[in-house]
Amino acid sequence: MTDRRARELEGRKAEDHVALWLKLRGWKILEARFKVSEGEVDLIARRKGIIAFVEVKQRERLPLKEDIVSQTNIARIMSAAEVWVDRNFETLGPDFEIRFDLALIEGPVKPLSKVKYIENAFSGF
């Protein structure tokens, strides 16, 4: 297996781990791995009136938040989020808040891996 393929598989495991972590905290996962030409979002979750667009990062050692998500990546996440909201606006209801969160996992993903969750990690809309 190539290094790239191994990283991709570890990234998917991290996304699945965070999705379960969110579900256990009352979030409903609306979509995973949402991709459009404008960008992509790892997880889209809803709890009450909040729609969270969640970027998931797994690293052997976690750098500072500013070093883990580039401005280019943030712009692509926000663009994809805008497309998703436009496509789903009718089903969302009248009152909802958009939030961009960051979920971090340090080290290999294991069943009890700790998730560092940062609400409103970056802003948009």
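Leaving out neighbours within four places in sequence, Gln58 has quite a list of contacts: Glu10, Ala14, Ile105, Gly107, Pro108 and Val109. That makes Gln58 a handy place to start walking through this structure, which is a predicted model. Gln58 belongs to strand β3, spanning residues 50–59. Is Gln58 buried or exposed? Its relative accessible area is 14%, and because the cut-off for buried is under 20%, Gln58 counts as buried. One of its contacts deserves a second look: the Gln58 side chain comes to 2.6 Å from the backbone oxygen of Gly107.

Next, the pockets. Rolling a probe the size of a water molecule over the atoms is a way to see where empty space is left. Here, the largest pocket holds about 730 Å³ of space. Several elements give two or more residues to its lining, namely α1 (3–23), β1 (28–36), β2 (39–47), β3 and α3 (71–92). So which of them gives the largest share of the lining? That's α1, with nine residues. The lining comes to 22 residues, and those nearest the centre of the pocket are Arg7, Glu8, Gly11, Arg12 and Glu15. As for chemistry, the lining splits into 15 charged residues, four polar ones and three nonpolar ones.

Let's stay with Glu15 for a moment, since it is among the residues nearest the centre of that pocket. Glu15 sits in helix α1, and at 11% relative accessibility it counts as buried. Beyond its neighbours within four places in sequence, Glu15 touches Arg33, Asp42, Leu43 and Val56. Take Asp42: it is 27 residues away from Glu15 in sequence, yet the two C-alpha atoms are 6.8 Å apart in space.

Another of Glu15's contacts, Arg33, has something to show in its backbone. Arg33 lies in strand β1, and its phi is near 55°, a positive value in a residue that isn't glycine. With a relative accessibility of 28%, Arg33 is partly exposed.

Arg33 has company on the phi front. Over in strand β5 (residues 116–122), Asn120 also isn't a glycine, and its phi is positive at about 50°. How exposed is Asn120? Partly, with a relative accessible area of 48%; the label is "partly exposed" because exposed begins over 50%. Once neighbours within four places in sequence are set aside, Asn120 is in contact with Arg99, Phe100 and Asp101. Asn120 can also be paired with Phe53: 67 residues separate them in sequence, and their C-alpha atoms are 9.6 Å apart.

Last stop, helix α3, which we already met in the pocket lining. The helix isn't straight: at Asp86 it bends by about 45°. Its buried residues are Ile74, Ile77, Met78, Ala80, Ala81, Val83, Trp84, Val85 and Leu92. What do these buried residues pack against? They pack against strands β1, β2, β3, β4 (97–106) and β5. That list brings back some familiar places, including β3, the strand of Gln58, β1, the strand of Arg33, and β5, the strand of Asn120. Just past the end of α3 comes Gly93, with a positive phi of about 90°.

Technical notes
Residues are numbered from 1 along each chain as its sequence is written. This is a predicted model: local features need pLDDT of at least 70, side-chain atom pairs count only at pLDDT 80 or more; totals for chains, interfaces and linings use all residues. Side-chain values use heavy atoms; hydrogens and water are left out. Helices (H or I, at least four residues) and strands (E, at least two) are DSSP runs, numbered from the N terminus. Buried means under 20% relative accessible area, exposed over 50%, partly exposed in between (1.4 Å probe, protein chains only). A polar contact is a pair of N or O atoms within 3.5 Å; within protein, one must be able to donate a hydrogen and the other to accept it, and residues adjacent in sequence count only if both atoms are side-chain atoms. Contact means heavy atoms within 4.5 Å. On a 1 Å grid over the protein atoms alone, a cavity is a set of points where a 1.4 Å probe fits but cannot get out, and a pocket is an open set with protein on both sides within 12 Å along at least five of seven lines; lining residues have an atom within 4 Å of a point. Grid points are joined across faces, edges and corners, and a volume is the space filled by probe spheres set on the points. Ala, Val, Leu, Ile, Met, Phe, Trp, Tyr, Cys and Pro count as nonpolar, Asp, Glu, Lys and Arg as charged, and the others, Gly among them, as polar. The bend at a residue is the angle between axes fitted to the seven residues ending there and the seven starting there.
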